[in-house]
Amino acid sequence: MTATLAPPVRIGRAAVGALGMLAVATGALESVVTPTLPLLQRELDMSPAEGALLSIVLLITGALITPVAGKLGDRYGGKRVLIRLMAVVCTGGLVSALAPNLPVLLLGQVLQGAMVGALPLSFILVREHLPAGEAKVAIGVVSGLFVGGGMAGTLSAGPVAEGLARHWMFALPTIAVIGSTLLVNRQMPHDAPGRSDGTGVDWPGLILLCGTLVTLMLVLALAPDIASQPLVLGALIVVLAAFVTGWIAVERRAASPMVDLRMLARPAVWKSCVLTFVICVGTAVPVYLVPQLLAVPVDEYGFGAGATAIGFYLLPGAVAASLAGPTSGLGARRYGSRAVVTAGIALLAAGLIALAAVHTEIWHLVVGKMMIALANGLCVTAMVTSTATSVDRGDTGIATSLVLVTRVLGFAVGVQASGAILTAATPSGTDVPAESAFVTCFAIAGAVTALSLLLARTMSKGVTA
């Protein structure tokens, strides 16, 4: 007799609601650092470069864990991997909440980065247990709730940190994550392991990529302080070169590489990666600098804003970013991907140059940040979509993973370089950088972003090339 596999158990609204609650909680936990970064820098005596490092470690971990989570979910079942990932996230949240210093807080953020892999796993579970039409609706709901959770975290982190303590801004959303994870575990049926392709996880490539990103961030973070010690900087650069060389060699020979570098030979892919890198560098600069500028004391050249006020001022940018995805899709359908990317780059460059020229009023920063958030959403959505549709169906995952790694790398370089410039421009005996450092960062980012228009013009009209 031939055994037949039972169809997946269909889930109801309670299970989708549990995934939605988890999305809200993780979105809130992910977003608490940005509005409170100046406060954390003061309380933990961090330099701007160290603050920049704190703001990106979660993103780096997420980029590394996401492709691994998919492989493990295919092998062991999506629910099992999701629950274990959230256990890591909860541990990271508790470590961050109890952290007495920067190294411990960095460890907590590294562990929290596992949450980035949770959203794709939630989508896999929804598609497994719902019909196609209902699955699309559920995915949209979960995605929207994650964005909403991020907005809630941006608004609430400041009041919690200032009214209670910085520890509680990590502890409260972590408690929510624990509760929603238990609810997902109860409501979501177990799914059988999927059909593995037999290639496994590219652990050597993952480890070497992790070493590459960490070493690169250390070079950028330590550059202002070790410029007088060229041997130390040279040693770090040699280590970085070794990691890069080893990673390239491993990825070119791996049967199932984490990032297939051979795909970069295609114009459709390398152009997308270059543009994504530049766009994310340009976006990362104001993401880091605007809260710093808002927090500069009034008697200097800033606005003396606390964490609560900073969260409020950042909210319009978060709203603009949430609207950018649907707007980009509609624009690409009507005018083509090249038009959307070109418009986004122009808007991003204009916002950066405007911030470099005018930043004497709060509304200048709010409007500039909104322009940049909208532009980034327009560009990145169009780039990912067009990259996925410009390659063969079987190469979609490989091509989009390249764009994902490039996006993280661009964002990390932009933030860390900005932090390094602010650190170098901070006079001895004070923690306030020179105003010219902000102008320099905004102007350089604006100029580099504007130059990318030359590459954008070479893309095909309908599908990004």
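A walk through the helices

Let's start with two rings: Tyr-301 and Phe-438 are both buried. Keep in mind as you look around that this is a predicted model. The structure has two aromatic pairs, and one of them is made by Tyr-301 and Phe-438. Their ring centres sit 6.1 Å apart, with 70° between the planes, which makes the pair edge-to-face. Where do the two partners come from? Tyr-301 belongs to the loop between helix H11 (267-295) and helix H12 (307-335), while Phe-438 is part of helix H16 (residues 435-451), so the pair ties together parts that are 137 residues apart in sequence.

Now follow the chain to H12, the helix at the far end of that loop. Two packed helices are described by the angle between their axes and the distance between the axes. For H12 and helix H13 (residues 337-357), the axes come within 7 Å and cross at roughly 130°. That angle is neither under 35 degrees, nor over 145, nor in the range 65 to 115, so H12 counts as oblique to H13. Which residues make the contact? On the H12 side you'll find Ser-328, Gly-331, Ala-332 and Tyr-335, and on the H13 side Ser-337, Ala-339 and Val-340. Sorted by kind, the residues of this contact are four nonpolar and three polar, with no charged ones.

For charged partners, look elsewhere. How many salt bridges does a search of the whole structure find? There is one, and it joins Glu-43 to Arg-166, with 3.1 Å between the closest N and O atoms. This is another link between distant parts of the chain: Glu-43 is in helix H2 (residues 33-43) and Arg-166 is in helix H8 (residues 166-187), 123 residues apart. Are the two partners buried or exposed? Glu-43 has a relative accessible area of 47%, so it counts as partly exposed. Arg-166, at 8%, falls under the 20% limit and is therefore buried.

One last stop is Gly-27, a residue of helix H1 (residues 13-30). Gly-27 has a relative accessible area of 1%, so it is buried. What does Gly-27 touch, leaving aside its neighbours within four places in sequence? Its contacts are Phe-146, Gly-149 and Gly-150. You can also look across from Gly-27 to Met-115: the two are 88 residues apart along the chain, yet their C-alpha atoms are separated by 8.9 Å.

Note on methods. Residues are numbered from 1 along each chain as its sequence is written. This is a predicted model: local features need pLDDT of at least 70, side-chain atom pairs count only at pLDDT 80 or more; totals for chains, interfaces and linings use all residues. Side-chain values use heavy atoms; hydrogens and water are left out. Rings of Phe, Tyr and Trp (its six-membered ring) pair if their centres lie within 6.5 Å; planes under 30 degrees apart count as stacked, over 60 as edge-to-face and the rest as tilted. Helices (H or I, at least four residues) and strands (E, at least two) are DSSP runs, numbered from the N terminus. Buried means under 20% relative accessible area, exposed over 50%, partly exposed in between (1.4 Å probe, protein chains only). A salt bridge is a side-chain nitrogen of Lys or Arg within 4 Å of a carboxyl oxygen of Asp or Glu. Axes are lines fitted to C-alpha atoms, for helices over the stretch in contact, and angles run from 0 to 180 degrees between N-to-C directions. Contact means heavy atoms within 4.5 Å. Ala, Val, Leu, Ile, Met, Phe, Trp, Tyr, Cys and Pro count as nonpolar, Asp, Glu, Lys and Arg as charged, and the others, Gly among them, as polar.
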